[in-house]
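Below are my notes on the model, set out as numbered points. They take the contact between chains, then a sheet, then a helix pair.

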Amino acid sequence: MPDIILQIKDLHVKVGDNEIIRGIDLEIERGTVHALMGPNGSGKSTLSLVLMGHPKYAVTRGDIIYQGRSILEMAPNERSLAGIFLAFQYPSAVPGVSVANFMRNTLMARHKGDAPLTPAKFKGLLDNAASKLQIDPKVLGRYVNDGFSGGEKKRLEMLQMLVLQPTLAVLDETDSGLDIDALRIIAQGIEAQRSPEHAILLITHYQRILNYVKPDKVHVLVKGRIVKEGGPELAHELERTGYDPIIKELATV
Amino acid sequence: MRSSSTGSSRSRWKDPLANTSAAPALELSAIEALTAGEASWLREVRHGALERFESIAAPTDRTEGWRRLTLDGIDLSPATSEPSHFTLTLSEADRKRGVVATTIGKALESHEPMVREALLHARSGRTVGKYSALAEAAWQGGAFVHVPDGVEATEPIVARVQTGTYPRLIVVIGKNARASVTESHHETARFVAGLSDLIVGENGHLTYAHAQECGARTIVFSHQHARISSGAKLVTLNLGAGGALAKSDIEVELLGRGAESDMLGLVYARDAQQFDYHTLQGHRATDTRSDLLFKSALDDRAHSVYTGVIVIEKGAQRSDAYQANRNLLLAEGARADTEPKLEIEADDVRCTHGATVGPIDAEQLFYLGSRGMDRDAASRLIVEGFFQDVFDKVGDERLTRDLEAKFAPDLEHEG
């Protein structure tokens, strides 16, 4: 029996009076990479933020089960400590807080009561992740996302993922706005995270990243519902045809 | 918000311990006793100041400059004058270079013209300053720091005050001289009113930090007055953490062509603490530059008032002035008032200002939360970051290193 990490059941989500997620069912097994694709406004980012527990979104129906238990009542930091990670599409800047200091604090949150990480170990962990992503060590002294380019922000999200080693990583359009070299580096980061212990939900608008990271399963989200599912070949089909045929097909049903 | 903080602060002031030292009002005879044996010019200064103090009506919550504060249960009666003892730290190497750190009493013998110059020009005259007038009349003890022309003090000079009621520090930086000076206050008396006189000679450079860490029940007045000569630069950092009510006037006068001043301030306030900062950026010569950044982080029911005046006099063409006040509210009961004032009489100037008051950004909190930090840890880190650019702007790591650590916000008490 496969080890289910994440189980989304009949999920409905509202912002104010606006229903954005309108009944999603999704299962992700340990050791797999799932791609969630869809046009703009389909609810992809909303789903990622709901998984992390953003207070703006209200779950009106259904459930999110992570490793056997519902996480709907859990605060974002509890979800993080339980092993869920979100690579933000638009991460906040934290002026005055260096990347190294920020990472020290993320690790301190995990080592409550335990012996703290030695400075040498911490530095090793950070430097190792930075080199995998070809991040200049100077960046570790800069303030988190403060004046970072789009590409630098995405790499910093990946750096955090590699340091924190989450059980479930949700990557929200981590591939968008990148040139081909940056895309390749991000893909290497995702491959470094991929392991029999981890699960990854890769949210993307374009098929491009999937040339580098082969998903086990592809889901297509349109207007808050998953309308099509398949293997990696589905992504290639979408690359050829775009989302229009699927949207039209839906309209005729 | 206003009324709720009043109610809770009142109960705090009724703490019996707070009232044990209901000090008698300062008497003229006490000033007379102080001046016995002093030079006549100094006696005149003290008497003039006492007259000023008495001619200014006691503040109420309707008095300009006090209206935004909560004065219920706050005892503003003057304390008796207790001598202030400064602990002065000066490296042996700098002492050998001719740097002086001593009491004002001794300096009145060894550096009389300098002390006199400082004491005769202790204020811009633009601030009402009832309690600074009182301090000018009643100071006792006090310290004098002097860096002679062309000398660079290599280590920060530290002046630390633990006791006393009317502390006074005079800093005189000579021409082409350079120094870093930290003045730190740890008094716990009911009432403290201090004076700091900063004088920077031509092309001199002074980095000055004023750390106020007085007792939680202390009423703290501080008056700082700086006179900057041509080509000279003053960088000031005011740190406010202690006191029940802390009211500071910080005046910088740019008197010579090309004089510069960076004025930085940080307040971390909690419980029902009240901080009131009034700043003056006085441009009185051509090509002068001033840059001000005051930030406060306010927790619980704390309250901060900031009033900043930029004055550019008629002859002060090509002046460049900037002023920013940023306030971060960490609790619903906290509040901040901010008020810029510009008086510009020259026509070829650059002058901008900005102010913000707001809570911690919810998206920032969510971002830090998504990385495992609970609300307290996230707030603490955000406040640390909020303060950091002020420390960065000081540009003197030797000076700020200790202050940064001491000023790291402690939000652990939050529920």
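**Notes on the model**

1. Chain A and chain B each give 20 residues to their contact (C-beta atoms, placed from the backbone, within 7 Å). On the side of chain A that touches chain B, α2 (76-81), β7 (94-98) and α3 (99-110) of chain A give two or more residues each. That side of chain A has 11 nonpolar, eight polar and one charged residues (nonpolar: Ala, Val, Leu, Ile, Met, Phe, Trp, Tyr, Cys and Pro; charged: Asp, Glu, Lys and Arg; polar: the others, Gly among them).

2. This is a predicted model, in which local features need pLDDT of at least 70 and side-chain atom pairs pLDDT 80 or more, while totals for chains, interfaces and linings use all residues. Residues are numbered from 1 along each chain as its sequence is written, with chains lettered from A and ligands numbered from 1 in the order in which they are written.

3. In chain A, four strands form an open antiparallel sheet in the order β2-β1-β4-β5. Strands are DSSP runs of E, at least two residues, and helices runs of H or I, at least four, numbered from the N terminus; pairing needs at least two DSSP bridges. The edges are β2 (18-29) and β5 (69-70) of chain A. Nine bridges join β1 (residues 4-15) of chain A to β2(A), and A:Ile8 has A:Leu26 as its bridge partner in β2(A).

4. Helices α4 (residues 119-132) and α5 (residues 150-164) of chain A cross at roughly 130°, their axes coming within 9 Å (lines fitted to C-alpha atoms over the stretch in contact; angles from 0 to 180 degrees between N-to-C directions). The contact of α4(A) with α5(A) has seven nonpolar, no polar and one charged residues.

Definitions and conventions
Two residues are in contact if their C-beta atoms, placed from the backbone, lie within 7 Å.
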